[in-house]
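I opened this entry to look up the ligand site and the cysteine link. The notes below follow the order in which I checked things.

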Amino acid sequence: MKRHLLPAALMLGLLTPLAGAQTGPTVVVAGAAAVPADDKLYQALGGRDAIQAFTNDFYASMLADPRLAPFFDGINAKHLQRVLADYFCVVAGGPCVYDGVGMKDAHAHLGVGKGDFNALVEHLQRAMDRAGVPFATQNRLLARLAPSHRDIVTR
Ligand code: HEM
């Protein structure tokens with residue numbers, strides 16, 4: 001039960017301080033939140049292939065959700081799945097290169113609302129759950145992504 005409160009808490013920015021609570025120095029990646037200089041979260045997520053696998057599952061479940069599917073009409077799924085996994089990888093401190101556009105530019109034309117953002121976060125959380133990612137590890141990634149709502153939610 002408690003776990004389902006997390007996306008709403010993320011949306012409200014309540015957990016944002018967690019993103020800066022990691023020990024060690026942080027680096028800032030273009031278009032991404034501040035990410036840790038170590039790769040502990042990347043390792044905990046199981047590496048690039050594991051990240052790609054839960055990202056593909058996450059993407060498929062968004063397409064099956066009538067609230068979110070319309071946003072992805074006409075989008076190149078293969079490309080988006082790859083850049084999404086690269087993005088998660090970089091945010092987790094992994095040795096990946098994100099060559100997509102920044103969050104503001106990528107979402108500016110979409111009219112994403114708070115409810116859409118929360119729905120996406122829930123799908124991501126459930127996909128990580130299905131992949132066997134421990135709850136605490138899920139939360140560490142979600143906390144790193146939370147600040148991006150400022151660039152993504154426009155209405
Ligand atoms: C934590 C939240 C989110 C993250 C980390 C995220 C990440 C990304 C990334 C990395 C891209 C690729 C940009 C590129 O192609 O270069 C992207 C594109 C896109 N995102 Fe998001 N996104 C988030 C939330 C959302 C939400 C809530 C929606 C809609 C409900 C959404 C819809 C889209 C769509 C439709 C594209 C493709 C845009 C296009 O190619 O024209 N995203 N997102």
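I began with the shell around the ligand and asked which element gives the most to it. That element is α5, with five residues. The model is a predicted one, and I read every value below as computed from it.

Next I noted where the ligand sits, and I found it in the largest pocket. The elements that give two or more residues to the shell are α5 (77-91), α6 and α7 (114-130).

I then sorted the shell residues by character. They divide into 17 nonpolar, five polar and one charged. Of the 23 residues around the ligand, I listed those that come nearest: F71, G100, V101, H107 and H109.

I turned to the metal. Which residue is the protein donor of the iron atom of the ligand? I found H107, which donates through NE2 at 2.0 Å. H107 is the only protein donor of this iron atom. I placed H107 in the sequence of elements too: it belongs to helix α6, which covers residues 103-107.

I went through the polar atoms around the ligand one residue at a time.

- For H107, I noted an N or O atom of the side chain at 2.9 Å from a nitrogen atom of the ligand.
- For V101, I noted a polar backbone atom at 2.8 Å from an oxygen atom of the ligand.
- For H109, I noted an N or O atom of the side chain at 3.3 Å from an oxygen atom of the ligand.

So that I can find them again: V101 is listed with a backbone atom, whereas H109 is listed with a side-chain atom. H107 appears twice in my notes, once as the donor of the iron atom and once beside a nitrogen atom of the ligand.

Last, I checked the cysteines. How many disulfides does the count come to? The count comes to one. The disulfide joins C89 and C96, with the sulfur atoms 1.8 Å apart. I also looked up the handedness of the C89 and C96 link: it is right-handed, with 70 degrees about the S-S bond.

Note on methods: Residues are numbered from 1 along each chain as its sequence is written. This is a predicted model: local features need pLDDT of at least 70, side-chain atom pairs count only at pLDDT 80 or more; totals for chains, interfaces and linings use all residues. Side-chain values use heavy atoms; hydrogens and water are left out. Donors are N, O and S atoms within 2.8 Å of the metal (3.2 Å for Na, K and Ca); water is not among the atoms, so sites may look incomplete. Helices (H or I, at least four residues) and strands (E, at least two) are DSSP runs, numbered from the N terminus. A residue is near a molecule or strand if one of its heavy atoms lies within 4 Å of it. A polar contact is a pair of N or O atoms within 3.5 Å; within protein, one must be able to donate a hydrogen and the other to accept it, and residues adjacent in sequence count only if both atoms are side-chain atoms. On a 1 Å grid over the protein atoms alone, a cavity is a set of points where a 1.4 Å probe fits but cannot get out, and a pocket is an open set with protein on both sides within 12 Å along at least five of seven lines; lining residues have an atom within 4 Å of a point. A molecule sits in a cavity or pocket if more than half of its atoms lie within 2 Å of its grid points. Ala, Val, Leu, Ile, Met, Phe, Trp, Tyr, Cys and Pro count as nonpolar, Asp, Glu, Lys and Arg as charged, and the others, Gly among them, as polar. A disulfide is a pair of cysteine sulfur atoms within 2.5 Å.
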